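Grab a pencil and work through a few exercises on the fold below. Each task comes with a solution you can check step by step.

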Amino acid sequence: MPKIDLAKLKVYRSRTFRLLPARPVTSPEQALNYVNERGFIYFWPISGVDLPSLWNAVAGNRPVADEHDDPGHITWGWKDNSLDKKQWYYAKILRRKATFISLIIAPYFYALSDNYGSPEEDHIIAYEEGRLTMAAKQVYDALLEKGSMNTIDLRKESRLQNAKESEFNRALEDLQKDFKILPVGIAEAGAWRYSYRYELTARHFPDLLEQARPIGEAEARRRLVELYLRSVGAAQMRDLVKLFGWPVELVRRTVDKLLQGGDLVEAEHPKNVGVWLALKELIK
């Protein structure tokens, strides 16, 4: 079995993660270009997950700073100011963490969601089948009836004032993860005078359903796995399962199709055990 060239892999990731000193992201326009270039990235780097992030692309290969005046936190303003501009898809998606997705790639994610074409009914079916909690259904119903609102008002309109904070937050995450709602702005509400304003995905991006309709699930998985491996260069099957949350068998089928294409190969890692999936160009 061929081996991964670690020197090539390091150089490759330095480029795709934008860690080279000469290639940092320095403006909102460059941030948008970077998201479009990679297809999808995290907002912050996530421990235990290899995926480019806006923080690292701006601040370099270092942990997220605790100090609010750290120059790297300019990313926070870029993100907040972009929420109503429909320039990318931003929500808690991959592993329920803040994710930027190119609008070109968003339909591939949407094609794998539990949305079948009726924003007024899909959440009811999901609830009746046990795929959505009562709290999540109430949040969705409130947005469906009342329109976009901040989290303070949304909790009240969802009749979840007495629910645990964790239950309400979990409902928001469940709905975001399945492309049912997303943050679309910032409101001066709550104790910190800072609150996300949420809206139904189907209302904020009304064309997304039709864009996703012709994309089959197998095609969507292949596209997303291909983009992921184009970002990280090499990974194991378990990394794909961990990131996307798909069943192992579906990941295996997806990988097999990509291996047949020839650009992706199974390889050994010089320092880590197990079979790896690597771009052909990164093999010794």
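Before starting, note how angles work here: axes are lines fitted to C-alpha atoms, for helices over the stretch in contact, and angles run from 0 to 180 degrees between N-to-C directions. Helices (H or I, at least four residues) and strands (E, at least two) are DSSP runs, numbered from the N terminus. This is a predicted model, where local features need pLDDT of at least 70, side-chain atom pairs count only at pLDDT 80 or more, and totals for chains, interfaces and linings use all residues. Residues are numbered from 1 along each chain as its sequence is written, and side-chain values use heavy atoms, with hydrogens and water left out.

**Exercise 1.** Work out how the axes of helix α1 and helix α12 cross, and which residues meet.

*Step 1.* Find α1 at residues 6-16 and α12 at residues 217-232; their axes come within 7 Å and cross at roughly 110°.

*Step 2.* Classify the angle: α1 is roughly perpendicular to α12, a label for angles of 65 to 115 degrees.

*Step 3.* List the contacts (heavy atoms within 4.5 Å): L9, Y12, R13 and T16 of α1 meet L229, R230, S231 and V232 of α12.

**Exercise 2.** Put the three strands of the open sheet in order and find the edges.

*Step 1.* The order is β7-β9-β8, with antiparallel pairing; two strands pair if DSSP finds at least two bridges between them.

*Step 2.* β7 (234-235) and β8 (264-268) are the edge strands, each with a single partner, so one side of each has no neighbour in the sheet.

*Step 3.* Two bridges join β7 to β9 (residues 275-279), and A235 sits opposite L277 in β9.

*Step 4.* Now add helix α14 (residues 248-261), which lies across β8 and β9 and runs at about 105° to β8.

**Exercise 3.** Describe the largest pocket and its lining.

*Step 1.* A pocket is an open set of points on a 1 Å grid over the protein atoms alone, where a 1.4 Å probe fits, with protein on both sides within 12 Å along at least five of seven lines; lining residues have an atom within 4 Å of a point.

*Step 2.* The largest pocket's volume, the space filled by probe spheres set on the points, is about 750 Å³.

*Step 3.* It has 35 lining residues, and F109, L112, S113, D114 and D178 are the closest to its centre.

*Step 4.* Helices that each supply at least two lining residues include α5 (106-110) and α9 (165-177).

How values were computed. Angles under 35 degrees count as roughly parallel, over 145 as roughly antiparallel, 65 to 115 as roughly perpendicular and the rest as oblique.
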